[in-house]
Amino acid sequence: MKKLNITSYLWLFFSILISCQKKEDNNIINSNNLKVANYNSYYGKWLPISKENNKFYYCTDIDKFIEIGKNKIYNHTPIEDSNFTIDHIKNKGNQTYLYVDKQESSYYILSWINEEKGIISIKLNDYNTDIFISEKKIKTIDNKPCQPKNKSCAFNDATGRYKFTLETEEYVDDKKQKYPISAWIIIADKKNKKSQEIYFEPNSWATYRDLPCDKFIIKDFNFDGLEDFAIIWDNGGNGGELYEYYFQGKNGIFSFTDSFPLQHGMLAEDINIVNKRITTQSVIGCCHYNLNTYSLKPNGSWEVSSEQRELNKN
């Protein structure tokens with residue numbers, strides 16, 4: 001009788017274990033079986049849209065779309081096309097994660113905004129979330145141009161002494177004046193009326209149809225009390241956008257400096273003027289981030305340190 005009870009308990013234990021394993025497997029799908037109820041509804045071609053005053057618009061001037069298949073994701077942009085194979089899928093709450101590698105370092109996050117109207121949000125890694133509509137539902141919303149048509153932008157009120165102007169020089173499509181690949185940065189001294197022109201050729205403005213006027217930042221990045229500026233240089237990979245920095249000399253001339261540790265790197269947003277320190281964060285995979293510190297030493301050199309921390313999941 002005692003032996004029978006032990007056998008019964010063991011059978012019950014393994015039954016529960018197998019049941020839990022099957023339940024967990026329902027939320028993790030490998031590349032051999034990508035058909036699941038929460039994922040099939042995302043199949044098809046998705047077009048970018050914009051939302052203004054609680055109303056959605058199809059963006060007629062954005063040459064971009066994403067096509068999702070059984071085990072593939074095709075991402076079309078004006079400059080570059082990407083074709084990813086889905087390695088495995090995880091459902092987390094109302095979000096579906098499509099991982100393109102086993103290490104889960106690169107992924108798309110899909111979630112419904114309005115399933116009836118065919119509107120979803122799509123986020124690649126840690127980039128901004130974009131809104132898309134199914135090509136089959138495109139006639140259910142209005143359409144209009146969504147991107148500004150700036151050929152130049154001035155930053156007159158952003159600084160005291162200087163007026164900065166960004167002007168396009170060359171486009172991928174010169175006839176239609178779309179997708180700038182080079183520009184002039186014009187710096188005018190408001191006091192003596194002298195000006196300086198810097199020819200700027202970014203590594204990539206691939207996703208910008210017009211000038212990225214919101215990616216020009218004026219700050220004192222090297223703690224000398226003089227105005228400097230940073231401009232987007234590349235859209236970056238998993239780590240995010242990369243910036244090019246120009247520093248003002250005592251003679252009022254702005255120039256590129258290789259010795260700045262964030263040159264062609266992240267934007268220096270967290271600036272501690274008192275301690276002469278810049279802090280940045282970069283996400284690593286799903287669960288950690290690097291806290292990077294750049295401290296200006298008395299001799300003018302930079303001390304760089306990095307510490308890995310766990311992301312706060314709350």
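Is His-76 buried or exposed? In this predicted model, His-76 is buried, because its relative accessible area is 14% and the cut-off for buried is under 20%.

Let us stay with this residue for a moment. His-76 belongs to strand S5, which covers residues 72-76. Its side chain makes a polar contact of 2.6 Å with the side chain of Asp-81. Setting aside neighbours within four places in sequence, the residues in contact with His-76 are Asp-63, Lys-64, Phe-65 and Asp-81.

Now for two sheets further along the chain. One is an open sheet of four strands, ordered S17-S18-S19-S20, with antiparallel pairing. Strand S17 (216-219) and strand S20 (254-256) are at its edges; each has a single partner strand, so one side of each lacks a neighbour in the sheet. On average, neighbouring strands here are turned by 30° against each other, direction ignored. Within this sheet, Ile-232 stands opposite Tyr-243 in S19.

The other open sheet also has four strands, in the order S21-S22-S23-S24, and its pairing is antiparallel. Its edges are strand S21 (270-272) and strand S24 (302-310), each with a single partner strand, so each has one side without a neighbour in the sheet. The average turn between neighbouring strands of this sheet is 20°, direction ignored. Here Thr-280 has Asn-292 in S23 as its bridge partner.

The table sets out one antiparallel strand pair from each sheet.

| Strand | Partner strand | Bridges |
|---|---|---|
| S18 (residues 228-234) | S19 (residues 242-248) | five bridges |
| S22 (residues 277-284) | S23 (residues 288-296) | eight bridges |

Definitions and conventions:
Residues numbered from 1 in each chain as written. Predicted model: local features only at pLDDT ≥ 70, side-chain atom pairs only at ≥ 80, totals over all residues. Heavy atoms only, no water. Pairing = 2+ DSSP bridges. Helix = DSSP H or I, 4+ residues; strand = E, 2+ residues; numbered from the N terminus. Axes fitted to C-alpha atoms, helices over the stretch in contact; angles between N-to-C directions. Buried < 20%, exposed > 50% of the residue type's maximum accessible area, 1.4 Å probe, protein only. Polar contact = N/O pair within 3.5 Å; in protein donor to acceptor, adjacent residues only side chain to side chain. Contact = heavy atoms within 4.5 Å.
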